[in-house]
Amino acid sequence: RFIAKPCAINLGIQDSGPHRAQPNAILEKVFISITKSPDGKRLEGLSKQLDWDVRKIQRWFRHRRNQDKPTTLTKFCESMWRFTFYLSIFFYGIRFLWTAPWFWDTRQCWYNYPFQPLTSRLYYYYILELAFYWSLMFSQFTDIKRKDFLIMFVHHLATIGLITFSYMNNMVRVGTLVLCLHDASDFLLEAAKLANYAKYQRLCDAFFMLFGVVFIVTRLGIYPFWILNTTLFESWELIGPYPSWWLFNGLLVTLQVLHVIWSYLIIRTASKALVRGKVSKDDRSDVESSSEEEDVTSNSTKGIFSTSSNGSNRLNGHVAAGQWTGE
């Protein structure tokens, strides 16, 4: 409210929503009480009742649905908050881990396990991450509603479970490595979204390409050969397997499978953008086009992200249904 909003206004982002629907008591009653997307039979009935063309009624319902969508300013403020946290916690993690012995030698994660001291810096790092994901899970009910709401809810729940489980089992040393590795690309994604909302398309594309490179390097390179290597092999050698060891590694291996899927989606989207100079319409776009002509205009937009009138893009947090599944 006091930081992101003034920044957005200075960048020329207006607090104005989509075109509002023409006031109509009958259609409003149908929209609120019956359906927001009437079928053909109901459209024909409304057409006869109001003496309106069916296409005009369809346009009215599109406009009315769009009235409930968040403005670009609202989405900019949300992304700026997440960008601030991801960037801050990433640099905090790097600064903390730079002096940690297990950052340079992963075998240190398992020496004297589970009797390893929990330092205050390590504790605060873990609690900050855990608190943030708790806040994301609860704020989902009040923040911008997306089509991937359920997927993101499950994602946040699983993340909280993994952080809590590793904390309870004192696997915090390797846990900090996993957290820092995943934070490395998150702030770049939010930066790309901020540039998109501000209509700096080249900057948006640059941030997205950098995000894609960092994501693939960290998730397909560093994660399996650094993190999984120590949790699967070095820990087996030093402390041996035990019941929670199997569960912990099972979750981490499952995460790697998701990394492969998400990396494929990133590469596919980037390839389409480079070959065609544009990307297809986002399956989870927040604002619907009000006519076929608007659809054509929206789909002709250049760049990695679709810059429709609402500034929506194909990425949200970590997951985008149909095209993007976030982290």
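Mentor: Let's start with a term we will need: a salt bridge is a side-chain nitrogen of Lys or Arg within 4 Å of a carboxyl oxygen of Asp or Glu. Please keep in mind that this is a predicted model.

Trainee: Thanks! How far apart are the closest N and O atoms of K193 and E190?

Mentor: K193 and E190 sit in helix α9, residues 172-197, and they are three residues apart, about one turn of the helix. The cut-off for a salt bridge is 4 Å. This pair does form one, with its closest N and O atoms separated by 3.7 Å.

Trainee: Is K193 buried or exposed?

Mentor: Buried means under 20% relative accessible area. Its partner E190 has 1% and is therefore buried. K193 also has a relative accessible area of 1%, so K193 counts as buried.

Trainee: How many salt bridges are found in the whole structure?

Mentor: Side chains of opposite charge can pair when their charged atoms come close. K193 with E190 is one such salt bridge, and R82 with E78 is another. A search of the whole structure gives a total of three.

Trainee: Why are R82 and E78 separated by about one helical turn?

Mentor: R82 and E78 form a salt bridge whose closest N and O atoms are 3.6 Å apart, and both residues are buried. They belong to helix α5, residues 72-98. The separation is about one helical turn because, within α5, R82 and E78 are four residues apart.

Trainee: Which residue forms a salt bridge with E237?

Mentor: E237 lies in helix α10, residues 201-238, and this pair links distant parts of the chain, 130 residues apart. The partner is in the loop between α6 (101-104) and α7 (120-139). At 3.3 Å between the closest N and O atoms, the partner of E237 is R107.

Trainee: Is E237 buried or exposed?

Mentor: Over 50% relative accessible area means exposed, and values between 20% and 50% mean partly exposed. R107 has 24%, so R107 is partly exposed. E237 has 54% relative accessibility and therefore counts as exposed.

Trainee: Let's look at the packing of helices. Is α9 roughly parallel or antiparallel to α10?

Mentor: The axes of α9 and α10 are 8 Å apart, and the two helices pack at an angle of about 170 degrees. Angles over 145 degrees count as roughly antiparallel. That makes α9, relative to α10, roughly antiparallel.

Trainee: How many nonpolar residues does the contact of α9 with α10 have?

Mentor: Two charged and seven polar residues take part in the contact of α9 with α10. The remaining class in this contact is the nonpolar one, and its count is 22.

Trainee: Where does K199 lie?

Mentor: K199 is not a glycine, yet its phi is positive, about 65 degrees. With a relative accessible area of 63%, K199 is exposed. K199 lies in the loop between α9 and α10.

Trainee: Which residues are exposed on the other side of α3?

Mentor: In helix α3, residues 40-50, the buried residues are L43, L46, S47 and L50. They cover an arc of only 105 degrees around the axis, so they are on the same side of α3. On the other side, the exposed residues are K41, K48 and Q49.

Trainee: Which helices do the buried residues of α3 pack against?

Mentor: L43, L46, S47 and L50 are the buried residues in question. Their packing partners cover residues 25-33 and 54-67. Those helices are α2 and α4.

Trainee: Which residue follows α3?

Mentor: The residue has a positive phi of about 60 degrees although it is not a glycine. It lies in the loop between α3 and α4, and its relative accessible area of 71% makes it exposed. This residue after α3 is D51.

Trainee: Which residues does a cis peptide bond join?

Mentor: The proline of this pair lies in the loop between α6 and α7. Omega at the cis peptide bond is about 10 degrees. The joined residues are Y113 and P114.

Trainee: To finish, how many helices are there in the protein chain?

Mentor: Of the 327 residues of the chain, 50% count as buried. There are zero strands. The number of helices is 12.

Terms used:
Residues are numbered from 1 along each chain as its sequence is written. This is a predicted model: local features need pLDDT of at least 70, side-chain atom pairs count only at pLDDT 80 or more; totals for chains, interfaces and linings use all residues. Side-chain values use heavy atoms; hydrogens and water are left out. Buried means under 20% relative accessible area, exposed over 50%, partly exposed in between (1.4 Å probe, protein chains only). Axes are lines fitted to C-alpha atoms, for helices over the stretch in contact, and angles run from 0 to 180 degrees between N-to-C directions. Angles under 35 degrees count as roughly parallel, over 145 as roughly antiparallel, 65 to 115 as roughly perpendicular and the rest as oblique. Ala, Val, Leu, Ile, Met, Phe, Trp, Tyr, Cys and Pro count as nonpolar, Asp, Glu, Lys and Arg as charged, and the others, Gly among them, as polar. The arc is that of the directions from the helix axis to the C-beta atoms. Contact means heavy atoms within 4.5 Å.
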